[in-house]
Amino acid sequence: QKPLGSARRTRLTSTQVKLTEFVAAWASWLSEVSSGPLGLSYMGERPAVVIKVAASSPAARAGIEPGDEILSVNGLVPRDVIELSMVLDEPELALELRRGGLELETEVQKQAGEPLGIELDTPLFDRVRTCDNHCAFCFIYQLPKGLRRSLYIKDDDYRLSFLYGNFTTLTRFTEADLERVIDERLSPLYVSIHAADPEVRAQMLRNPRGATSLRWLGALLDAGVEVHGQVVVCPGINDGAVLEDTLASVLDTYPRLASLGVVPAGVSRYNHESEIRPHSRSEAEAVLDLIEEWQGIFLAHLGRRMVFGADEYYLLAGRSFPPLEAYEGLWQHENGIGMAAAFRAAFFGDREKALGVRSGFFAWVEGAPPAGYRARRLLGREVAPNPPRRFRGQVVVLTGAYGAAVLGPLLQEAGFGDVSVVGVKNEFFGGNIGVAGLLVGSDIAAAMRNYPAHTRFLMPDACLSEDRFLDGTSLCDLPGRVEVLSADGASLRQALEA
């Protein structure tokens, strides 16, 4: 290894020195206010930082260390982990690094396609494509003040759609983005449709480009890119005739869409938009009736159901969930669609359906690995081992209100009637928020205080990111020992039988 750039040093005037000091201080402040817990810079560009090096890996043999910044690989300055992964497949690598302010060069010899053996702090090394829509139903606008800065970032970046399954509206998509998606086969992608009517969509996004940006959806599908769509339904705005028009337009214009998920808008106590409200039971029933009608139409014309309703709709309407096979490929499991059916199947022994849940709404900034949510998540803890068998104390499963509605009958049916299921009320967010992924430590702690100290608590990992809840509390702040389980039926069954 050798230092680089010594010839770049120049003599600065006193004015230049003062200006440089000012810029450095300003840059430091920007870094502080714009970086999330993964070190992701939302406002500018910076190199990726190595946070872990696998023992005996090519990176370890080449002397790469945690804390090294990757400036270039084989002359390429990568924009993101996607581009970096492609170049790292090469057998011979020339890396330019920065360590402690000193620039270094190192060479790596390995097999073609062999992993380099590093973990990075961020998936994007250039500027994150933030969202310029102003949707009344956006959950970011419904957050309380005082949370971690990273939680307030609205992204509309197709790369995060590919990596983490985030939904993008395509309002900031460009011809260059389309070219890259096609060239690099960045598939699948996830697109928020909301309404096919241009005027309604523009009004919902509060962005005139919303009226025309679905042209990119057609271009992606024409290029053979796998795309999954989403409609967030706001009662009185894009339900009823508008939703039916959207489904008809999908059949007519986007028949190659892989799937379409229909989900209700989340409404917290901090919502200030008067037109955004939770669904009534009759409205939930109407949405399901429309979905079921159009599933028959899609089956007749395309040979598949195409459109699926969120589990939350079935709970709101008091209806039984469809059988697992009705969800076809479980394409939108992470979107809360078919999750209850998959959980049930895994609980009763179908381990192929043991699908976990990523860490809630904020997975891309909160604890998910730069390789994407499909990869193993970076957890700052080891999940507590199961206690000895024949545990004689009370067992309590902590989950959200919706999870409790599913788990209570399930455990009764399976013979675990002595296990208590607690649907923790989400006082922190309020409104209609009942999913486990948005539970916070303060609400969980309040529920735990109703039980003796020796109680065995089980909790899904979906509400934790890097050991923290969304309110900033951690497992250490809870008034008792909690076993954190992967949010799938097989993991819960294994823990209960321990």
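Contact between elements is taken here to mean heavy atoms within 4.5 Å, and helices (H or I, at least four residues) and strands (E, at least two) are DSSP runs numbered from the N terminus. The structure is a predicted model, in which local features need pLDDT of at least 70 and side-chain atom pairs count only at pLDDT 80 or more, while totals for chains, interfaces and linings use all residues. Residues are numbered from 1 along each chain as its sequence is written, and side-chain values use heavy atoms, with hydrogens and water left out.

Under the contact criterion, Ala340, Phe343, Arg344 and Phe347 of helix α11 meet Val406, Leu407, Leu410, Leu411 and Glu413 of helix α12. The residues of this contact comprise 7 nonpolar, no polar and 2 charged, where Ala, Val, Leu, Ile, Met, Phe, Trp, Tyr, Cys and Pro count as nonpolar, Asp, Glu, Lys and Arg as charged, and the others, Gly among them, as polar. Helix α11 spans residues 339–347 and α12 residues 401–413; the two pack at an angle of about 25°, and their axes are 11 Å apart. This angle makes α11 roughly parallel to α12. Axes are lines fitted to C-alpha atoms, for helices over the stretch in contact, and angles run from 0 to 180 degrees between N-to-C directions; those under 35 degrees count as roughly parallel, over 145 as roughly antiparallel, 65 to 115 as roughly perpendicular and the rest as oblique. The crossing of α11 over α12 is right-handed, a crossing being right-handed if the near helix is turned clockwise from the far one by less than a right angle and left-handed if anticlockwise.

A second helix pair is formed by α8 (residues 240–253) and α9 (residues 281–302), whose axes come within 11 Å and cross at roughly 15°. Helices α8 and α9 are therefore roughly parallel to each other, and α8 passes α9 in a right-handed crossing. On the α8 side, Gly240, Leu243, Glu244, Leu247, Ala248, Val250 and Leu251 take part; their counterparts in α9 are Val287, Leu290, Glu293, Trp294, Ile297, Phe298, His301 and Leu302. This contact of α8 with α9 contains 11 nonpolar, 2 polar and 2 charged residues.

Strands of a sheet pair through backbone hydrogen bonds, either parallel or antiparallel. An open sheet of 5 strands has the order β4-β3-β2-β1-β5, with antiparallel pairing; two strands are regarded as paired if DSSP finds at least two bridges between them. Strands β4 (102–109) and β5 (118–120) stand at the edges with a single partner strand each, so one side of each is left without a neighbour in the sheet. On average, neighbouring strands of this sheet are turned by 45° against each other, direction ignored. Strand β1 (residues 48–53) pairs with β5 in the antiparallel sense over 3 bridges; lysine 52 stands opposite glutamate 119 of β5, and valine 50 opposite leucine 120 of β5. The antiparallel pairing of β1 with β2 involves 2 bridges, and glutamate 69 in β2 is the bridge partner of valine 49.

A further open sheet, of 4 strands, follows the order β6-β7-β8-β9 and has parallel pairing. Its edges are occupied by β6 and β9 (307–309), each with a single partner strand, so one side of each is left without a neighbour in the sheet. The twist averages 25° from one strand to the next. Strand β8 (residues 259–264) pairs with β9 in the parallel sense over 3 bridges, and glycine 261 stands opposite phenylalanine 308 in β9.

Rings of Phe, Tyr and Trp (its six-membered ring) are treated as paired if their centres lie within 6.5 Å, with planes under 30 degrees apart counted as stacked, over 60 as edge-to-face and the rest as tilted. By this rule the count comes to 11 aromatic pairs. In one of them, the ring centres of phenylalanine 173 and tryptophan 216 are 5.5 Å apart and the planes stand at 65°, so the pair is edge-to-face. Phenylalanine 173 lies in the loop between α4 (158–164) and α5 (175–184), and tryptophan 216 in helix α7 (residues 215–222), so the pair ties together parts that are 43 residues apart in sequence.

Two backbone features were also identified in loops. Serine 187 and proline 188 are joined by a cis peptide bond with omega of about 10°; proline 188 is placed in the loop between α5 and β6 (189–192). Serine 56, although not a glycine, has a positive phi of about 65°, and serine 56 is located in the loop between β1 and α2 (58–61).
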